[in-house]
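Please open the structure in a viewer and keep the sequence at hand. The tour below proceeds by selection, one stop after another.

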Amino acid sequence: KKVLLITIILLAYIGVICFGVMLVISDSWLGQSVSLSHNVIGEAVASQKLQLQQPVKNTLEWVEQESSGEKKVVEYIEKKLEEMTLEQKLAQMMILTNELDIHASNLQTYQPGGIIFFEVDFSGKTMNQVGSRIDTLQSYMQIPLFVGVDEEGGDVSRLKTLAESNIPVFKGARVLATEGEDAVKQDTLQKMQYLKEMGLNLNFAPVADIVNSGSSYMYARSAGGDAEVVSEYVENVLSVMQEQQVMGCIKHFPGYGDNVNTHDGFAHDSRTLAEYKEKDFLPFQAGIEAGADMVMVSHIVMESVDKNNSASLSVKVHDILRDDLDFDGVVIADDLNMQAILKTMTIEEATAKAFLAGNDMIFSADFAASMKGAMNAVKQGTLSEEQIHESVSRILRMKIENGLIVLDEGHE
């Protein structure tokens, strides 16, 4: 997309130059044909050329800066890919969820892509204590961690367990969306300020699911049953998150709908692909167009597309996300440590299938098992170096674009 933008700008620049040349030719012709008007026309042309010079210069400088910036990004990523071991590349594709795995030795040796904090990491602790721990964990890293959290508000709020008595109880999306745009933005602003102060840089939100039935698992966590309402909610939340420099992850593609809890078992959706496109895809499309950094894919079985695999493990569903919705950012599978997955396969098998389906990242509840599954896929030749490099490149680019990795003249 950046290359296309730069190409368009260059074509516009060439057009402006051509226009300037035409003016100069016109100046010369008029000077020969109407000598009495030469001075007047010449001054007008000179004035026009002066007016054109500054915007043309500014445009060219911007193009050069963009090209130079992109070159630095590419050079940094290529350098890191050369330096990293295979194990480090695979670990960069994982977000650790198990406290037993989040320690200095793993972080220093394998350089995982990120970690996620749950209620236990906040419960009874002060913001300073949480922030201090994050600083310590980041100090082990050559490539900064995604430090994530599920802070949706309502039932899924980790901040409410902090020791500070002034932390508000944040409303869930269903309630908040009824209170209007200003309420949504103010609520999001408060949450992001708390996260940012502690060093949390990635929020696995907003929920982009459309849910109608009050008995459905995702009902309270969804902003509503109307595509336009949910799309506006997603856009408003992401706009504030971006202003506060906290990365966002829209979830749970292709849309949870009125389905049961995949933490407990299987969830099959029999709707047609056309129905998804007309409704459930719309909030995800809105989020992607609003600049979402990451998309989480659910364990719902989308029967009309792939009746044999959950969306998170389906190549066909990932192709829809990449090709039809034109998402080129980081794709992450929902937590593989759910019964919708574990009732039919091991963590090792699920890890391999998740990467083969097209996920750039997974949540790892058992780092050793996840690494074993990924390494087995590499050894068997099913997970290629090219795919690994594509995923790690997306992850590193996301970290660069959001300021986790800062490039200077030496690239880091």
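The following stops begin with the whole chain and then turn to individual residues.

**The whole chain**

Please note at the outset that this is a predicted model. Display the protein chain as a cartoon: its secondary structure comes to 15 helices and 10 strands. Of its 412 residues, 50% count as buried. With the surface switched on, the chain exposes about 18800 Å², and carbon and sulfur atoms supply 52% of that area. Among contacts between residues at least 6 apart in sequence, 74% join residues at least 24 apart.

**Helix α9 and the negative patch**

Select Asp226, Glu228, Glu232, Glu235 and Glu289, which form a negative surface patch. Helix α9, residues 227-243, contributes the largest share of this patch, namely three residues. Next, select Glu235 and Asn236, which both belong to helix α9. Which of the two is buried, and which is partly exposed? Glu235 is partly exposed, at a relative accessible area of 34%, whereas Asn236 is buried, at 14%. With neighbours within four places in sequence left aside, Asn236 is in contact with Glu181, Val184 and Lys185; these residues may be added to the selection.

**The salt bridges**

The model holds 18 salt bridges. Begin with Glu152 and Arg221, which form a salt bridge whose closest N and O atoms are 2.7 Å apart. Glu152 lies in the loop between β3 (146-149) and α7 (173-177), and Arg221 in the loop between β4 (202-203) and α9, so the pair ties together parts that are 69 residues apart in sequence. Both partners fall under the 20% cut-off for burial: Glu152 is buried at 6% relative accessible area, and Arg221 is buried at 15%.

Move on to Glu179 and Lys171, another salt bridge, with the closest N and O atoms 2.7 Å apart. Here Glu179 is partly exposed, with a relative accessible area of 40%, and Lys171 is partly exposed as well, with 38%.

Now select Lys277 and Asp324, whose side chains meet in a salt bridge at 4.0 Å, N to O. This pair links distant parts of the chain, 47 residues apart: Lys277 is in helix α10 (residues 273-289) and Asp324 in helix α11 (residues 315-324). Lys277 counts as partly exposed at 41% relative accessibility, and Asp324 counts as partly exposed at 44%.

To complete this stop, select Asp150, Glu152, Arg158, Arg221 and Lys251, which salt bridges with shared partners join into one network.

**The loop around Val260**

Select Val260, in the loop between β5 (247-253) and β6 (268-269). Which residues does Val260 touch, not counting those up to four places away in sequence? They are Tyr217, Phe266 and Ala267. Add Ser215 and draw the distance between C-alpha atoms: Val260 and Ser215 are 45 residues apart in sequence and 9.1 Å apart in space.

**Asn402, after helix α15**

For the last stop, select Asn402, in the segment after α15 (385-401). Asn402 is partly exposed, with a relative accessible area of 24%. Leaving aside neighbours within four places in sequence, Asn402 is in contact with Met247 and Asp293. Finally, add Val246: from C-alpha to C-alpha, Asn402 and Val246 are 8.0 Å apart in space, although 156 residues separate them in sequence.

Notes
Residues numbered from 1 in each chain as written. Predicted model: local features only at pLDDT ≥ 70, side-chain atom pairs only at ≥ 80, totals over all residues. Heavy atoms only, no water. Patch = residues over 30% accessible without salt bridge, like charges linked within 9 Å, V, L, I, M, F, W, Y side chains within 5 Å. Areas by Shrake-Rupley, 256 points an atom, 1.4 Å probe, with all protein chains shown as cover. Lys, Arg positive; Asp, Glu negative; His and termini not counted. Charge placed at Lys NZ, Arg CZ, Asp CG, Glu CD. Helix = DSSP H or I, 4+ residues; strand = E, 2+ residues; numbered from the N terminus. Buried < 20%, exposed > 50% of the residue type's maximum accessible area, 1.4 Å probe, protein only. Contact = heavy atoms within 4.5 Å.
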